[in-house]
Amino acid sequence: MDVLRLTCISIASVALLTPSFADDNLAAIQYLTADAYLDVSNGKRINNPAIIIADNRIRDIGQQGELAIPAGANVIHLEGQTLLPGLMDMHVHLTGDASDNFLEAQNYSIPRQTVKAVKNAETTLMAGFTTVRNLGADGYSVIATRDGIDADEIPGPRIWAAGHSVSITGGHCDDNFSAPEKKSLAGGVADGPWQVRAKVRENIKYGANTIKICATGGVFSKGTKVGVQQFSEEELKAAADEAHLRGLVIAAHAHGTSGIKAAIRAGIDSIEHCSFMDKEAIALAVKHGTYLSCDIYNTEYTLAYGAANGVPEANINKEKQVSQAQRDSFRAAVKAGAKMVFGSDAAIYPHGDNGKQFSRMVTFGMTPLQAIQAATINSADLLKQTDIGQIKPGYLADIIAVKGDPIAHIELLENVSFIMKDGVIYKQ
Ligand SMILES: [Zn+2]
């Protein structure tokens with residue numbers, strides 16, 4: 001265990017260590033102050049706050065000078081900084097790196113992908129994202145990464161991991177890049193309602209704590225049309241029922257209008273990408289309370305660097321089809337009052353740049369507070385968690401800080417200056 005602890009210690013200087021990673025004799029109580037904190041539930045900026053953290057939870061919040069410093073507490077003052085809850089990204093793929101050659105990366109082994117996930121989990125945490133949902137990976141690689149993080153063996157965010165993305169044969173989440181005689185089939189392929197249910201059960205058997213299904217074609221697959229529905233509504237309903245029966249939240253990858261509508265009617269909890277949404281689709285999402293997760297930043301990266309990274313022309317052309325449509329759908333959905341979460345599809349652009357999406361969410365129609373809420377309270381609500389996403393007594397101590405006021409300067413979220421997860425400080 002000592003060796004493992006040393007590995008973790010190396011990511012932060014010893015001075016930053018707090019009890020769960022360090023010597024058991026160190027104070028388990030921390031007293032954290034800053035210039036202000038942002039109450040993400042109402043947008044209020046509260047000056048001169050003081051927060052008491054006991055082990056991994058927030059015990060009390062008050063004002064500096066009023067809230068007494070507990071005896072033996074480790075006192076931390078963040079001069080000129082604003083505290084916020086740890087950020088949450090509801091759509092990442094920790095196993096991939098955007099800068100790797102695209103076609104070579106299709107052929108990475110599961111152990112290779114797991115090494116990528118371990119590296120990218122740390123990068124994501126160090127960008128201030130203390131919770132992520134990994135929507136699909138080969139061979140339970142991210143489930144193993146999540147378990148390593150939960151066991152304090154490696155640093156990383158809290159992870160909700162989907163296991164294999166469920167896909168029709170030849171669909172967006174199947175392996176279509178190999179020659180036919182290789183008979184390569186992705187681990188999540190299922191056809192028909194009962195095969196779909198069996199695939200959900202298999203994912204859960206091997207540790208998935210969320211489910212992902214590919215309802216339509218996609219940008220980065222071979223031989224799929226981006227706007228075209230793949231699973232039938234009956235199959236989507238089977239997946240949603242099975243996930244809900246087991247107490248899990250289910251996400252549907254869906255670009256095209258008919259697939260989006262079918263997924264919403266089927267009871268899926270969040271629609272990923274949401275590129276082509278007509279009025280009826282947005283109204284359906286509002287009516288059903290379905291969360292929308294629109295990855296509106298990564299198109300900039302793909303169009304700028306995709307060709308250099310070996311993304312085939314056919315896929316870049318598909319990206320061009322969705323990019324403006326997706327921004328328009330995002331704007332219309334925000335205006336209609338649809339429920340929105342922050343989902344970036346990290347891996348399509350470099351991990352750690354997740355925060356760049358905030359300013360785009362503001363450019364395309366959200367207020368800065370709405371963009372921050374998408375990555376905090378709304379994401380916690382989607383995951384049905386009642387102790388993350390806010391700075392509140394009883395909540396887990398996932399707290400970040402930025403140098404200034406993020407409501408006035410949303411791009412500050414691209415440079416997080418302080419990171420605490422579970423009461424452990426990773427950056428100060
Ligand atoms: Zn994705």
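How many bridges pair β1 with strand β5 (residues 74–85), and in which sense, parallel or antiparallel? The two strands pair in the parallel sense over 7 bridges. Two strands count as paired if DSSP finds at least two bridges between them. Helices (H or I, at least four residues) and strands (E, at least two) are DSSP runs, numbered from the N terminus.

This is a predicted model, in which local features need pLDDT of at least 70, side-chain atom pairs count only at pLDDT 80 or more, and totals for chains, interfaces and linings use all residues. Residues are numbered from 1 along each chain as its sequence is written, and side-chain values use heavy atoms, with hydrogens and water left out.

## Strands and sheets

Within the pairing of β1 and β5, the bridge partner of Tyr31 in β5 is Val75. Strand β5 is also joined to strand β14 (residues 399–402) by 4 bridges, and these two strands run antiparallel. In that pairing, Thr82 has Val402 of β14 as its bridge partner.

An open sheet of 5 strands has the order β9-β10-β11-β12-β13, with parallel pairing. Its edges are β9 (211–214) and β13 (340–341); each has a single partner strand, so one side of each is left without a neighbour in the sheet. Inside this order, strand β11 (residues 270–273) pairs with strand β12 (residues 291–293) in the parallel sense over 3 bridges. There, Ser270 has Tyr291 in β12 as its bridge partner. In a regular strand the side chains alternate between the two faces of the sheet.

## Asp39

Asp39 is found in strand β1 (residues 29–39). Is Asp39 buried or exposed? Asp39 is buried yet has no salt bridge. Buried means under 20% relative accessible area, exposed over 50%, and partly exposed in between (1.4 Å probe, protein chains only). A salt bridge is a side-chain nitrogen of Lys or Arg within 4 Å of a carboxyl oxygen of Asp or Glu. The nearest side chain of opposite charge is that of Lys44, 6.9 Å away; Lys and Arg count as positive and Asp and Glu as negative, while His and the chain ends are not counted.

The side chain of Asp39 does make a polar contact of 2.6 Å with the side chain of Ser41. A polar contact is a pair of N or O atoms within 3.5 Å; within protein, one must be able to donate a hydrogen and the other to accept it, and residues adjacent in sequence count only if both atoms are side-chain atoms. Leaving aside neighbours within four places in sequence, Asp39 is in contact (heavy atoms within 4.5 Å) with Lys44 and Ile46.

## Cysteines

The structure holds 1 disulfide, a disulfide being a pair of cysteine sulfur atoms within 2.5 Å. It joins Cys173 to Cys214, with an S to S distance of 1.8 Å. The link of Cys173 and Cys214 is left-handed, with -60° about the S-S bond. The pair links distant parts of the chain, 41 residues apart: Cys173 is in the loop between β8 (158–161) and α5 (193–205), and Cys214 is in strand β9. Both Cys173 and Cys214 are buried.

Why do Cys274 and Cys294 form no bond? The sulfur of Cys274 is 3.5 Å from the closest cysteine sulfur, in Cys294, which is too far for a bond. Cys274 is buried at 1% relative accessibility, and Cys294 is buried with a relative accessible area of 3%.

## Salt bridges

The structure holds 19 salt bridges. The table gives some of them.

| Residues | Closest N to O distance |
|---|---|
| Arg57 and Asp387 | 3.0 Å |
| Arg158 and Asp398 | 2.8 Å |
| Lys199 and Glu202 | 3.4 Å |

The salt bridge of Arg57 with Asp387 links distant parts of the chain, 330 residues apart: Arg57 is in strand β4 (residues 57–63) and Asp387 in the loop between α13 (377–382) and β14. Arg57 is partly exposed at 33% relative accessibility, whereas Asp387 is buried with a relative accessible area of 18%.

The side chains of Arg158 and Asp398 also meet in a salt bridge. Arg158 lies in strand β8 and Asp398 in the loop between α13 and β14, so the pair ties together parts that are 240 residues apart in sequence. Both Arg158 and Asp398 are buried.

Lys199 and Glu202 both lie in helix α5, 3 residues apart, about one turn of the helix. Lys199 is buried, with a relative accessible area of 13%, and Glu202 is partly exposed, with 31%. A network of salt bridges links Arg197, Arg201, Lys237, Asp241 and Glu242.
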